[in-house]
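Work through the exercises below with the sequence and the coordinates open. Each task is followed by a stepwise solution.

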Amino acid sequence: MSLEKFPEEIDRRRGFLPSRDPLTEFDTDRHRPVVSRYLNQLDSLGNELANFVESGGVRPALRSIGTPPDGLLSELTERERTRLCMLSGFFASTYVNHDLPDGDSVSTLPAGIAVPLYETSMEIDRKPILSYDLLCLHNFQRKDPDEDISLISSIVF
């Protein structure tokens, strides 16, 4: 396919990747203290999620997430809303799929996971699940941020 025929939503240089690299953490300096504390907690849990899964303590850790502060979404940039949707999607998937005795299932999510997942999903017009684009396209960082994005080997998932 020639570049002239690319649909508008596909970037000519970055392909299906977002037009800017995804956030690797929230910029908490620009938010109210209550929002900053909440976002820092999410970043911390996101960074430690694999360790919690390994140790068998993921569900108590995820249940510790409080409900989002009032007015949270109105303070977030588009990239921050996408990060919040991605993290809460990972939290929901992990909560449902880990630390369950054989044969048990989960019928509800804690509000601290469900509310931000639902609200950000509605805000960015998607289903409230950990979707492929959140899992892959909005969840990477470059080994060298100054390296050309076209070198796929420069991306770490």
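**Exercise 1. Classify how H4 and H5 are oriented to each other, and explain why that class applies.**

Step 1. Note that this is a predicted model. Fix the two elements: helix H4 covers residues 78–97, and helix H5 covers residues 111–123.

Step 2. Take the axis geometry. The two axes come within 8 Å. They cross at roughly 135 degrees.

Step 3. Apply the cut-offs. Roughly antiparallel needs an angle over 145 degrees, and roughly perpendicular spans 65 to 115. The crossing angle of roughly 135 degrees fits neither class. H4 and H5 are therefore oblique to each other.

Step 4. Add the hand. The crossing of H4 and H5 is left-handed.

Step 5. List the contact. H4 contributes Arg 81, Leu 84, Cys 85, Ser 88, Gly 89, Phe 91, Ala 92 and Tyr 95. H5 contributes Ile 113, Pro 116, Leu 117, Thr 120, Ser 121 and Glu 123. By class, the residues of this contact are eight nonpolar, four polar and two charged.

**Exercise 2. Do the same for H1 and H4: which class describes their orientation?**

Step 1. Helix H1 runs over residues 33–55. Its axis and that of H4 come within 11 Å and cross at roughly 30 degrees.

Step 2. Angles under 35 degrees count as roughly parallel. H1 is therefore roughly parallel to H4.

Step 3. The crossing of H1 and H4 is left-handed.

Step 4. On the H1 side, the contact uses Leu 42, Asp 43, Leu 45, Gly 46, Leu 49 and Val 53. On the H4 side it uses Arg 83, Leu 84, Leu 87, Phe 90, Phe 91 and Thr 94. These residues divide into eight nonpolar, two polar and two charged.

Step 5. Compare the lists. Leu 84 and Phe 91 of H4 appear in the contact with H1, and Leu 84 and Phe 91 also appear in the contact with H5.

**Exercise 3. Place His 98 and find which residues it contacts beyond its sequence neighbours.**

Step 1. His 98 sits in the loop between H4 and H5.

Step 2. Its relative accessible area is 31%, so His 98 is partly exposed.

Step 3. Set aside neighbours within four places in sequence. His 98 is then in contact with Val 53, Val 58 and Arg 59.

Step 4. Check one pair. His 98 and Val 53 are 45 residues apart in sequence, yet their C-alpha atoms are 7.0 Å apart. Val 53 also belongs to the H1 side of the contact with H4.

**Exercise 4. Is Asp 125 buried or exposed? Inspect its backbone as well.**

Step 1. Asp 125 lies in the loop between H5 and helix H6 (132–137).

Step 2. Its relative accessibility is 72%, so Asp 125 counts as exposed.

Step 3. Read phi. Asp 125 is not a glycine, but its phi is positive, at about 60 degrees.

**Exercise 5. Locate Val 115 and His 138, and give a C-alpha distance for each.**

Step 1. Val 115 is in helix H5. With a relative accessible area of 27%, Val 115 is partly exposed.

Step 2. Val 115 and Ser 88 are 27 residues apart along the chain, and their C-alpha atoms are separated by 8.8 Å.

Step 3. His 138 lies in the loop between H6 and strand S1 (141–142). Its C-alpha atom is separated by 9.2 Å from that of Arg 79, 59 residues away along the chain.

Step 4. Beyond residues up to four places away, His 138 touches Pro 18, Pro 22, Thr 82, Met 86 and Asp 133.

**Exercise 6. What pattern does the whole chain follow?**

Step 1. Count the elements: six helices and two strands.

Step 2. Read along the sequence. The pattern is α-α-α-α-α-α-β-β.

Step 3. Add the totals. Of the 157 residues, 38% are buried. The accessible surface is about 9,600 Å², and carbon and sulfur atoms hold 50% of that.

Step 4. Among contacts with a separation of 6 or more, 66% join residues 24 or more positions apart.

Notes: Residues are numbered from 1 along each chain as its sequence is written. This is a predicted model: local features need pLDDT of at least 70, side-chain atom pairs count only at pLDDT 80 or more; totals for chains, interfaces and linings use all residues. Side-chain values use heavy atoms; hydrogens and water are left out. Axes are lines fitted to C-alpha atoms, for helices over the stretch in contact, and angles run from 0 to 180 degrees between N-to-C directions. Helices (H or I, at least four residues) and strands (E, at least two) are DSSP runs, numbered from the N terminus. A crossing is left-handed if the near helix is turned anticlockwise from the far one by less than a right angle, and right-handed if clockwise. Contact means heavy atoms within 4.5 Å. Ala, Val, Leu, Ile, Met, Phe, Trp, Tyr, Cys and Pro count as nonpolar, Asp, Glu, Lys and Arg as charged, and the others, Gly among them, as polar. Buried means under 20% relative accessible area, exposed over 50%, partly exposed in between (1.4 Å probe, protein chains only). Accessible areas come from the Shrake-Rupley method with a 1.4 Å probe; for residues, only the protein chains shown count as cover.
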